[in-house]
Amino acid sequence: MTYSEFFEKIKARFAGADVSDIKEHLAYQFNIEDKDAGGIFYVEVKDGELHIEPYEYYDRDAIFTCKPETLEKIIDGAMDPVLAFTLHKLKVDGSIEKALRLKELIAKKG
């Protein structure tokens, strides 16, 4: 799988997420480590809307670094992000408080 294919797959999983009740600005950058599917993208909640773009985001609250399969398990609910962090499958840099809100965002996905 290429980075472009992986990004589109992740973006599709968030399609239809209702984040209208999240009033706080949240911005996450994901650094995906993989020979083929590796790359960077960001997920942002701003003014009650969800944006997912294949770019680096400099005004981010947290950076998540992981392998593609780890992120897929987290998004599908098969792995808790806190457990992934504890098992060293997910690295987190930035605001831990805002990083913990990733679970809330995942719960709202369509």
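Which residue takes a positive phi just after α2? In this predicted model, the residue is G77, with a phi of about 85°. The helix that G77 follows, α2, has a set of buried residues made up of P68, T70, L71, E72, I74 and I75. The charged residue E72 is thus listed alongside L71, I74 and I75 among the buried positions of α2. A helical repeat offers helpful background here: an α-helix has 3.6 residues a turn, so residues three or four places apart point the same way.

The sheet makes a good place to continue. Five strands are arranged as an open sheet, in the order β3-β2-β1-β4-β5, with mixed pairing. The edges are taken by β3 and β5, and each has a single partner strand, so one side of each is left without a neighbour in the sheet. From one strand to the next, the twist averages 15°. As a reminder, strands of a sheet pair through backbone hydrogen bonds, either parallel or antiparallel, and both senses can be followed in the pairs described next.

The parallel sense is illustrated by β1 and β4, which are joined by 5 bridges. Here F30 is placed opposite F64 of β4. The antiparallel sense is illustrated by β2 and β3, again over 5 bridges, and in this pair V43 lies opposite I52 of β3. The hairpin of β2 and β3 has 2 residues between the strands, and D47 takes a positive phi near 55° there. D47 belongs to the loop between β2 (39-46) and β3 (49-53). With a relative accessible area of 70%, D47 is exposed, because the threshold for that class is over 50%. Although 21 residues separate D47 from L26 in sequence, their C-alpha atoms are 9.9 Å apart in space.

A second loop residue can be described in a similar way. K23 sits in the loop between α1 and β1 and is exposed, its relative accessible area being 68%. From K23 to T70, a step of 47 residues along the chain, the C-alpha separation is 28 Å. T70 itself is one of the buried residues of α2.

Attention now turns to the interior. The largest nonpolar core contains 31 residues, of which Y28, F30, F41, F64, L71 and L105 touch the most other members. Two or more residues of this core come from each of α1 (3-14), β1 (26-32), β2, β4 (62-66), α2 (68-76), β5 and α5. The largest share, 5 residues, is supplied by α1. Two of the residues with the most contacts in the core, F30 and F64, are also the pair that stand opposite each other across β1 and β4. L71, another of this group, appears among the buried residues of α2.

F64 also provides a link to the largest pocket, whose volume is about 180 Å³. Its lining consists of F64, P81, V82, F85, L90, V92, I96, A99, L100, L102 and K103. The elements giving two or more residues to this lining are α3 (81-86), β5 (90-94), α4 (96-99) and α5 (102-107), and α3 gives the most, with 3 residues. By class, the lining has 10 nonpolar residues, no polar residues and 1 charged residue. The charged member is K103. The edge strand β5 therefore contributes to the pocket lining as well as to the largest nonpolar core, and α5 likewise gives two or more residues to the lining and to the core.

Key: Residues are numbered from 1 along each chain as its sequence is written. This is a predicted model: local features need pLDDT of at least 70, side-chain atom pairs count only at pLDDT 80 or more; totals for chains, interfaces and linings use all residues. Side-chain values use heavy atoms; hydrogens and water are left out. On a 1 Å grid over the protein atoms alone, a cavity is a set of points where a 1.4 Å probe fits but cannot get out, and a pocket is an open set with protein on both sides within 12 Å along at least five of seven lines; lining residues have an atom within 4 Å of a point. Grid points are joined across faces, edges and corners, and a volume is the space filled by probe spheres set on the points. Helices (H or I, at least four residues) and strands (E, at least two) are DSSP runs, numbered from the N terminus. Buried means under 20% relative accessible area, exposed over 50%, partly exposed in between (1.4 Å probe, protein chains only). A nonpolar core is a set of buried Ala, Val, Leu, Ile, Met, Phe, Trp, Tyr and Cys residues joined through side-chain atoms within 4.5 Å. Two strands pair if DSSP finds at least two bridges between them. Axes are lines fitted to C-alpha atoms, for helices over the stretch in contact, and angles run from 0 to 180 degrees between N-to-C directions.
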